[in-house]
Structure formats: C-alpha cells, structure tokens
Amino acid sequence: MSIEHTTLGRTELSVSRLGFGGAPVGFLETGQSQVDRVVKLLLDHGVNLFDTAAGYDGSEESLGHALDGRRDDVVLVTKCGRRVDADDHDFGAFTAPLIADSIDRSLRRLRTDHLDVVLLHSCGLDVLKDGEALGALAEARDAGKTRFIGYSGDNDAAAWAAAQADVSVIEMSVNIVDQHNLD
C-alpha cells in the first residue's frame, strides 16, 4: 500500500494525507499496548502525521511512548491553550504563561526536544486578535520548541488566523454534513 504525501500548510513538511488523530487515545482510555501496535502499523505503512493535544487526557503520554525511537520518522502536531491540569488554575485560558507551560509539558509527555507544529486549540476570534496567544506560540517557535505555529478551530476565527503571516497551519472541521470551512 502506498500512502500519498502532501505539504502541510505553509511549511516545508511532507506529511501523509492520512494521519493519526490522538483524541480517541485519551477520551477512550486506549491501552498502551494497543496504541503501540496501531502506531507501529501506521509507521510501517508510511503514515507520518501524528496529531494530539494537551487536552486529550493521556494521549500525549501514550503517543510519546509509542513513538519512542521513531521521532525522526514523524511530523508531530499538538494543541495547547486550554486548562488541562490542576496546576493550570492560576492562569487564564490562552494566556502566555498557560501556553508556555502547556508546550513545556507537551515536550515532556511526548518525549521530544521539539514539536513540529503547535496549534492554539479552538480559541475565539477575540483571543486571536488580542495577540497574546499567538505571541506566546511565536516565542516558543523562536526558542526552538516548535518549528511552526497555527490554529485549530473553525469559521471566522480560522479564516482570520489563516490570513496571519505567523500562522503556518490551520486545522479545522470538515465532514460530509459540515463543509462550511472549505470556503
């Protein structure tokens, strides 16, 4: 089986058109041995795009374990900006301190020294326009913690984010009944 590849957003990253979404790993409390088997199978068949989020409880840790020794074979995407741990209670959502802490935690959980893409996880247009959240992502990129930054969300916020020079990747919902974001 041959997996087709494409360039991810406004990056030079070549990714498989078929990717692994880590939400079910966390939300369904998938066992580590099952995650390891699925990740190995996907890697062996050419899938290299792996997407997760700090808010998918347990997903980053499981994916970090499954990708041990294979980090250079994948494009690793995670999302940040939501309160996910008890330690986050001191910060407001989508503030620079919360985002910086979330990225550092993701690096530890995913067992890597850098991420390929970090996305803001579904914040509103007002948060994007404020600039603090995107600024925090840009600081992480400039510090070498991530190669590219972007936004995960829909509608007007996604359209606004796509027009920003610093935003290299947009992740949005598209399915058979909701195709509004294609415009």
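The paragraphs below lead through a predicted model, beginning with its sheet and ending with its largest pocket and two backbone features.

The sheet is an open one, built from 6 strands in the order E3-E4-E5-E6-E7-E8, with parallel pairing. The strands at its edges are E3 and E8, each of which has a single partner strand, so that one side of each is left without a neighbour in the sheet. From one strand to the next the twist averages 25 degrees.

Within this arrangement, strand E5, which covers residues 75-80, pairs with E4 in the parallel sense over 3 bridges. Two bridge partnerships can be followed residue by residue: Phe50 has Leu76 of E5 as its bridge partner, and Asp51 has Val77 of E5. Strand E5 is mostly covered, since 6 of its 6 residues are buried because each falls under 20% relative accessible area. The side chains of the strand divide between two directions, with Val75, Val77 and Lys79 pointing one way from E5 and Leu76, Thr78 and Cys80 pointing the other way, and all of these are buried. The two residues of E5 named above as bridge partners, Leu76 and Val77, thus belong to opposite sets in this division.

Which strands does helix H6 touch where it packs on the sheet? Helix H6, made of residues 132-142, is in touch with E5, E6, strand E7 (146-152) and E8, and the direction of the helix makes about 160 degrees with that of E7. Two residues of this helix illustrate its surroundings. Ala138 has its place in helix H6 and is buried, its relative accessible area being 10%. When its neighbours within four places in sequence are left aside, Ala138 is in contact with Ile149 and Asp166. Between Ala138 and Asp116, which are 22 residues apart in sequence, the C-alpha to C-alpha separation is 13 Å. Arg141 is likewise found in helix H6, but Arg141 counts as partly exposed, at 24% relative accessibility. Its contacts, again leaving aside the neighbours within four places in sequence, are with Thr146, Arg147, Ile149 and Asp166. Ile149 and Asp166 are therefore contacts of Arg141 as well as of Ala138, contact being taken as heavy atoms within 4.5 Å. The C-alpha atom of Arg141 is separated by 9.4 Å from that of His114, a residue 27 places away along the chain.

Two serines can be considered next, one in a helix and one in a strand. Ser102 is found in helix H4, which covers residues 96-109, and is buried, with a relative accessible area of 1%. Leaving aside its neighbours within four places in sequence, Ser102 is in contact with Ala54, Cys80 and Gly81; of these, Cys80 is one of the buried residues of E5. Ser168 lies in strand E8, which is an edge strand of the sheet, and nevertheless is buried, with a relative accessible area of 13%. With the neighbours within four places in sequence left aside, the contacts of Ser168 are Gly9, Arg10, Thr11, Phe148 and Ile149.

The largest pocket of the model has a volume of about 430 Å³. It is lined by 18 residues, and those closest to its centre are Leu8, Arg17, Gly19, Leu49 and Glu171. The elements that give two or more residues to this lining are strand E1 (5-7), strand E2 (14-16), strand E3 (19-21), strand E4 (49-51) and strand E8 (167-171). Sorted by class, the lining of the largest pocket has 9 nonpolar, 6 polar and 3 charged residues.

Two features of the backbone remain. Most residues other than glycine have a negative phi. Glu29, although it is not a glycine, has a positive phi of about 50 degrees; Glu29 lies in the loop between helix H1 (23-27) and helix H2 (32-44), where it is exposed, with a relative accessible area of 71%. Ser122, also a residue other than glycine, has a positive phi near 60 degrees. The place of Ser122 is in the loop between strand E6 (115-121) and helix H5 (125-130), and Ser122 is partly exposed, with a relative accessible area of 36%.

Notes
Residues are numbered from 1 along each chain as its sequence is written. This is a predicted model: local features need pLDDT of at least 70, side-chain atom pairs count only at pLDDT 80 or more; totals for chains, interfaces and linings use all residues. Side-chain values use heavy atoms; hydrogens and water are left out. On a 1 Å grid over the protein atoms alone, a cavity is a set of points where a 1.4 Å probe fits but cannot get out, and a pocket is an open set with protein on both sides within 12 Å along at least five of seven lines; lining residues have an atom within 4 Å of a point. Grid points are joined across faces, edges and corners, and a volume is the space filled by probe spheres set on the points. Helices (H or I, at least four residues) and strands (E, at least two) are DSSP runs, numbered from the N terminus. Ala, Val, Leu, Ile, Met, Phe, Trp, Tyr, Cys and Pro count as nonpolar, Asp, Glu, Lys and Arg as charged, and the others, Gly among them, as polar. Buried means under 20% relative accessible area, exposed over 50%, partly exposed in between (1.4 Å probe, protein chains only). Two strands pair if DSSP finds at least two bridges between them. Axes are lines fitted to C-alpha atoms, for helices over the stretch in contact, and angles run from 0 to 180 degrees between N-to-C directions.
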